[in-house]
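The following questions and answers concern the reasoning behind several descriptions of a structure. Please consult the display as you read.

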Amino acid sequence: MKLDRIDIKILYELQKNGRITNVELAELVNLSPSPCLMRVKKLQAEGYIVRYSAQIDIAKLGRTLTVFTEITLKNHRQIDFARFLAAIDRVDAAVECHRVSARYDYLLKFVTGGIAEYQAIVERLTDMEIGIDKCFSFVVLKSPIVKAHMPLPSLFPR
């Protein structure tokens with residue numbers, strides 16, 4: 001399926017508000033409701049829309065701690081990366097994991113109930129012998145800008 005600018009706009013609007021009505025969406029992308037719905041269904045069928053979810057205001061639930069962690073592995077074979085990723089994937093508090101090009105191998109984002117919980121997770125990971133050589137932590141003090149949507153129209157102009 002080749003996407004056009006209307007498809008990109010539909011995806012952009014849906015990622016900002018997954019509960020938007022088809023009529024409202026159609027208006028935003030300058031289509032009538034029926035063709036708009038057909039496009040949305042096709043985008044879902046083709047796998048461009050993976051799932052719908054709710055964004056939670058976690059601050060309303062209670063206090064949390066967000067920590068970005070740089071991790072360097074001892075060895076750099078595929079099996080080492082796979083073993084590390086399999087272990088990280090089982091840690092619910094690890095909400096993001098990125099393989100990066102820097103002086104370290106991975107940048108992880110943890111969200112925990114506090115510093116003690118974060119420390120326990122890091123100690124457990126280190127004790128697991130999954131190849132961690134170095135670990136540097138950066139506690140987030142404040143997050144003044146966090147966007148949940150990607151700038152699709154500027155990334156993929158059609």
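Q: What makes up the area that the protein exposes?
A: In this predicted model, the exposed area is about 11100 Å². Carbon and sulfur atoms supply 54% of this area.

Q: How many of the residues count as buried, and what makes a residue buried?
A: A residue is called buried when its relative accessible area is under 20%. Of the 158 residues of the protein, 31% count as buried.

Q: How do you know what radius of gyration a compact globule of 158 residues would have, and what does the protein have?
A: The rule takes 2.2 Å times the number of residues to the power 0.38. For 158 residues this gives a value near 15 Å, but the protein has 20 Å. Along the principal axes, the C-alpha atoms fill a box of roughly 60 × 40 × 25 Å.

Q: Why is α1 called roughly perpendicular to α3?
A: Helix α1, residues 5–16, packs against helix α3, residues 33–45, at an angle of about 80 degrees. Angles of 65 to 115 degrees count as roughly perpendicular, and therefore α1 is roughly perpendicular to α3. The axes of these helices are 11 Å apart.

Q: Which residues of α1 meet α3, and what makes a contact?
A: Contact means heavy atoms within 4.5 Å. I6, D7, I10, L11 and L14 in α1 meet C36, R39, V40 and L43 in α3.

Q: How do the residues of the contact of α1 with α3 divide by kind?
A: Seven are nonpolar, none is polar and two are charged. Asp and Arg count as charged, and D7 and R39 are among the residues that meet.

Note on methods. Residues numbered from 1 in each chain as written. Predicted model: local features only at pLDDT ≥ 70, side-chain atom pairs only at ≥ 80, totals over all residues. Heavy atoms only, no water. Axes fitted to C-alpha atoms, helices over the stretch in contact; angles between N-to-C directions. Helix = DSSP H or I, 4+ residues; strand = E, 2+ residues; numbered from the N terminus. Parallel < 35°, antiparallel > 145°, perpendicular 65-115°, else oblique. Buried < 20%, exposed > 50% of the residue type's maximum accessible area, 1.4 Å probe, protein only. Areas by Shrake-Rupley, 256 points an atom, 1.4 Å probe, with all protein chains shown as cover.
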